[in-house]
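Biologist: I'm new to reading protein models. Could you walk me through one, feature by feature?

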Amino acid sequence: MTKKNKPPDPLTDLLAGVQPEILINLITAIAQNRPDVRNACFDYLKTHVKLSPEQQTRSEGEIVMALWAELSPDLEELDSYGGRDYGKANHVATLLYDIQKKLNGRKVDKKIRREVLEKVLPFIVSGNAGLDDALYDLAYATCYSDENLRGLAQAFEAMNSDWPRDHARRIYRKLGDREKYLELRHQKLVYGGDYHDLATFYWDEGNRSKALSVAEEGMNKGQGRMDELRLFLADRARKSGNREQYLALQFEQATDRLTLAKYNEFRKICTTEEWNSYENKLLETLDRTGISERLNILMHRKEYEKALAELLKEKNAYLDSSVLMRTAELLESRFPDSILTYYLSRFNRLKSETARKGYIARAQVMLKIRRILVDILKDENRWMKFAEKIKAENLRRPAFQEEFARIVPGWRELGKE
């Protein structure tokens, strides 16, 4: 049926003859207890009716409060039960972001922004809804001035809890309130990041000696992650021309959870003579890093026999093994018999009785075994005997056979004369 021939909508016909007062009463009644409908009405009218600045501000505020009314029951439920419902959490997070966008437009008046903040703060205090980032972002969005930010900092400080107090401290630093920043900062100097924050404050202030003193104290007393603090001191050493201290700090940085990227970064900053001095000391720390990074570094150095030895020592079949399997593949042509032994051990450690994804994992290892036997060792007869035995042992597992047939070439034909 064409648009011209489409029968008129009875509701449209009925509305066309209704007095404006009746329409107003109808829409008001429908929207009164439906925040989503009320919000939709404001959005529609804003695009179809020219509003005065005052009406625009009031409209934005009404939309914000309608959005809050829509999300509030779900947020309260998430806060009561500690999050958990991810679908509901995503829905609430989306609405919180919608409110934040409205506030960021800076067309919402002070009264509404204060009301939103008063509603948000109890959920920040609780910290039980699983939406901390979204709630903090919304709290910040209510602030249009330094005065607003200071009020927010005071509210955070009054919560007497580490994370809100950290936010208060950052606000005071941003506002240039030196006394309040230092008061809160000295209440918590535990981690490397705490000392780094204080050191950079003094540095930015121009008190270089105090900054360096705090950083050095942090290196001796700080706990946890020390990366930023170490790099701060290393940069100061480099700029002052203290090459020995600079390299010592960079070496410590590289060997703290050594990775191939850190290895390469440290190698790059060293001269040939410096590298010769540090290389062995760096390699002595390899045992303290994970198997994946160990293999990455050994392969990068072309120490293939050491990489093979590390690979064969690994007994955890369920380890996230993308690096291990990639290393094995790179070593296939150099050490085919040893890598075949590695593949067979992995194949045997993976369970036969398992879900389909387990069959897929076994089939992928089987494909590698086939490549060694057929493509590298040129021993197709040995492959056929091994594969036929595995196929026969698993004939009563349809999913096993389906996945092997999909992944391993020639699997369906095995055992047929």
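Modeller: Let's go through the overall make-up, the salt bridges, a pocket and one residue in turn. This is a predicted model, where local features need pLDDT of at least 70 and side-chain atom pairs count only at pLDDT 80 or more, while totals for chains, interfaces and linings use all residues. Residues are numbered from 1 along each chain as its sequence is written, and side-chain values use heavy atoms, with hydrogens and water left out.

Biologist: How many helices and strands are there in the protein?

Modeller: Helices (H or I, at least four residues) and strands (E, at least two) are DSSP runs, numbered from the N terminus. Here you get 23 helices and zero strands.

Biologist: And what percentage of the residues is buried?

Modeller: Buried means under 20% relative accessible area, exposed over 50%, and partly exposed in between, with a 1.4 Å probe and protein chains only. Of the 417 residues in this protein, 41% are buried.

Biologist: Now salt bridges. How many does the structure hold?

Modeller: Side chains of opposite charge can pair when their charged atoms come close. We count a salt bridge when a side-chain nitrogen of Lys or Arg is within 4 Å of a carboxyl oxygen of Asp or Glu. This structure holds 38 of them.

Biologist: Which residue forms a salt bridge with Asp177?

Modeller: That's Arg150, with the closest N and O atoms 2.8 Å apart. The pair links distant parts of the chain, 27 residues apart: Asp177 is in the loop between helix H9 (162-175) and helix H10 (178-187), and Arg150 is in helix H8 (residues 146-158). Asp177 is buried at 18% relative accessible area, whereas Arg150 counts as partly exposed at 31%.

Biologist: What do the side chains of Glu205 and Arg178 form where they meet?

Modeller: Another salt bridge, at 2.4 Å from N to O. Glu205 lies in helix H11 (residues 192-205) and Arg178 in helix H10, so this pair ties together parts 27 residues apart in sequence. Glu205 is partly exposed, with a relative accessible area of 37%, and Arg178 is also partly exposed, at 39%.

Biologist: Which residues are linked in a network of salt bridges?

Modeller: Asp166, Arg169, Arg173, Arg185, Lys188, Asp194, Asp197 and Asp204 are linked that way.

Biologist: Let's turn to pockets. How much space lies in the second largest pocket?

Modeller: Rolling a probe the size of a water molecule over the atoms shows where empty space is left. On a 1 Å grid over the protein atoms alone, a pocket is an open set of points where a 1.4 Å probe fits, with protein on both sides within 12 Å along at least five of seven lines; lining residues have an atom within 4 Å of a point. Grid points are joined across faces, edges and corners, and the volume is the space filled by probe spheres set on them. For the second largest pocket that comes to about 210 Å³.

Biologist: Which element gives the most to its lining?

Modeller: H6 does, with five residues. Helix H6 (110-126) and H8 are the elements giving two or more residues to this lining, which includes Lys110, Glu118 and Glu147. The lining residues divide into three nonpolar, three polar and five charged.

Biologist: One last residue: is Val323 buried or exposed?

Modeller: Val323 counts as buried, at 12% relative accessibility. This residue lies in helix H19 (residues 322-331). Leaving out residues up to four places away in sequence, Val323 touches Ser292, Leu295 and Asn296, where contact means heavy atoms within 4.5 Å.

Technical notes. Nonpolar A, V, L, I, M, F, W, Y, C, P; charged D, E, K, R; others polar.
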